[in-house]
Amino acid sequence: MHARDPLGRAVVYAIDMLHQGAGIAEIAERAGLRFEEQIGPHLRHIIEHYEVLLAGIDQGVVDYDNRDRDRSVERDPAVAKARCERLAEGLKKRLDRPWPETIAVAFDGGVAGDDRFVSGSTPLRELLFVAGHAVHHYALLRLVLKPQGLTLPESVGKAAATIRYEREHKA
């Protein structure tokens with residue numbers, strides 16, 4: 001696979017989102033924020049979605065609801081940053097291996113969480129999901145950091161379509 005193929009581009013996008021997460025953890029650590037209260041839970045959630053996807057790609061089933069919920073990730077920005085970096089490296093290495101054409105995605109649903117669903121998907125779609133999911137959480141973290149006088153780079157927490165729209169309409 002090449003980084004110019006759709007799947008390769010999605011891997012690069014997913015890696016970029018992990019780098020943004022590592023950057024947020026670093027900003028929080030430098031600022032001495034209470035990471036575990038608002039920032040850490042978001043980063044843990046993102047990280048664990050990526051971990052489940054990477055594990056599930058080779059198993060043929062991705063189950064985003066079956067995560068470790070490792071509280072050390074949400075308590076320590078250094079741990080969150082290291083996990084983001086490790087996942088980015090894992091995705092980069094995964095780029096050189098064959099990818100399945102389809103995978104199954106399992107998840108819980110229903111108001112009480114009592115329903116179990118399994119749906120067909122592709123690695124491309126799921127990579128785009130975890131990256132877009134991260135963008136959503138980064139947008140929330142932007143709101144958390146702003147009142148504390150901390151700003152994130154302009155593109156962090158902004159959907160790709162919004163970035164493109166703003167770029168095209170500034171002319």
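**Charge distribution, fold and nonpolar core of the predicted model**

The protein chain carries 24 positive and 26 negative side chains, with the centres of the two sets 5 Å apart; Lys and Arg count as positive and Asp and Glu as negative, without His and the chain ends, and each charge is placed at NZ of Lys, CZ of Arg, CG of Asp or CD of Glu. The model is predicted, so that local features need pLDDT of at least 70 and side-chain atom pairs pLDDT 80 or more, whereas totals for chains, interfaces and linings use all residues. Residues are numbered from 1 along each chain, and side-chain values use heavy atoms, leaving out hydrogens and water.

Six helices and three strands are present in the protein chain, taken as DSSP runs (H or I, at least four residues; E, at least two), and their pattern along the sequence is α-α-β-α-α-β-β-α-α. The radius of gyration, taken over C-alpha atoms, is 17 Å, which agrees with the value near 16 Å for a compact globule of 171 residues, the rule being 2.2 Å times the number of residues to the power 0.38.

Buried residues (under 20% relative accessible area, 1.4 Å probe, protein chains only) make up 43% of the chain. In the largest nonpolar core, a set of buried Ala, Val, Leu, Ile, Met, Phe, Trp, Tyr and Cys residues joined through side-chain atoms within 4.5 Å, there are 47 residues, of which Ile39, Leu43, Tyr50, Leu91, Leu127 and Tyr138 touch the most other members. The largest share of this core, twelve residues, comes from helix 1. Leu127 has contacts (heavy atoms within 4.5 Å) with residues including Leu7, Leu53 and Trp99, not counting residues up to four places away in sequence.

How values were computed. Buried means under 20% relative accessible area, exposed over 50%, partly exposed in between (1.4 Å probe, protein chains only).
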